[in-house]
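Dear colleague,

I am handing over the model we spoke of, and I would be grateful if you could look through it before reading my notes below.

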Amino acid sequence: MTKKTANSRNVSFRLPPEEFERLELEAQKAGVSPGLFVKELVAKRLDCAGGDPLAELLPAIRAVGDSLLEHRRQFATTIPLLLFDAGNVADHERDAVERWVSEHLASPDPR
């Protein structure tokens, strides 16, 4: 028995059957027992207590933002090429298409 577990205290509670089934499913997905899964949830929640609850999500939010910016850049490059290549844009309209793309898709990075 380690010092950490020697001084630990027991916590128990009941869950409705539906919630327990969800707990078992999520624990199974994580490859741990339901008890360990709950213990980790409590530890994470306590770590966030008094702090920013969204702090853990910031890296994922930034990744989504980066992905969206990359898609915008790709669209800004692809749309004029497709229109020009398909012959749907007359030579005298090319400037208008490029201006529209520049104004609507190729906006600067807001960060």
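To begin with a point you can check on screen: is E26 buried, partly exposed or exposed? E26 counts as partly exposed, because its relative accessible area is 34% and the partly exposed class runs between the limits of 20% and 50%. Please keep in mind throughout that this is a predicted model.

As for the overall fold, the secondary structure comes to five helices and zero strands, and the order along the sequence is accordingly α-α-α-α-α. Of the 111 residues in the chain, 11% are buried, and the chain exposes about 9700 Å², of which carbon and sulfur atoms supply 57%. Among the contacts between residues at least 6 apart in sequence, 43% join residues that are at least 24 apart.

Two salt bridges are present in the structure. In one of them the side chains of E26 and K29 meet, with a distance of 3.3 Å from N to O; both residues belong to helix α2 and are three residues apart, which is about one turn of the helix. While E26 is partly exposed at 34%, its partner K29 is exposed, with a relative accessible area of 60%. The other pairing is between R73 and E70, whose closest N and O atoms are 3.5 Å apart, and here both residues lie in helix α4, which covers residues 58-86, again three residues apart and about one turn of the helix. R73 is partly exposed at a relative accessible area of 45%, and E70, at 35%, is likewise counted as partly exposed.

On the surface there are also two patches to point out. E18, E19, E21 and E24 gather in a patch of negative charge; of these residues, E19 lies in helix α2, which spans residues 17-30. E19 is partly exposed, with a relative accessible area of 41%, so it lies above the 30% that a patch residue has to exceed.

The other patch is nonpolar and is formed by V11, F13, L15 and F20, which together have about 390 Å² of accessible area. Within this group, L15 is found in the loop between α1 (3-6) and α2, and its relative accessibility of 31% makes it partly exposed.

With best regards

How values were computed: Residues numbered from 1 in each chain as written. Predicted model: local features only at pLDDT ≥ 70, side-chain atom pairs only at ≥ 80, totals over all residues. Heavy atoms only, no water. Patch = residues over 30% accessible without salt bridge, like charges linked within 9 Å, V, L, I, M, F, W, Y side chains within 5 Å. Areas by Shrake-Rupley, 256 points an atom, 1.4 Å probe, with all protein chains shown as cover. Salt bridge = Lys/Arg side-chain N within 4 Å of Asp/Glu carboxyl O. Lys, Arg positive; Asp, Glu negative; His and termini not counted. Charge placed at Lys NZ, Arg CZ, Asp CG, Glu CD. Helix = DSSP H or I, 4+ residues; strand = E, 2+ residues; numbered from the N terminus. Buried < 20%, exposed > 50% of the residue type's maximum accessible area, 1.4 Å probe, protein only. Contact = heavy atoms within 4.5 Å.
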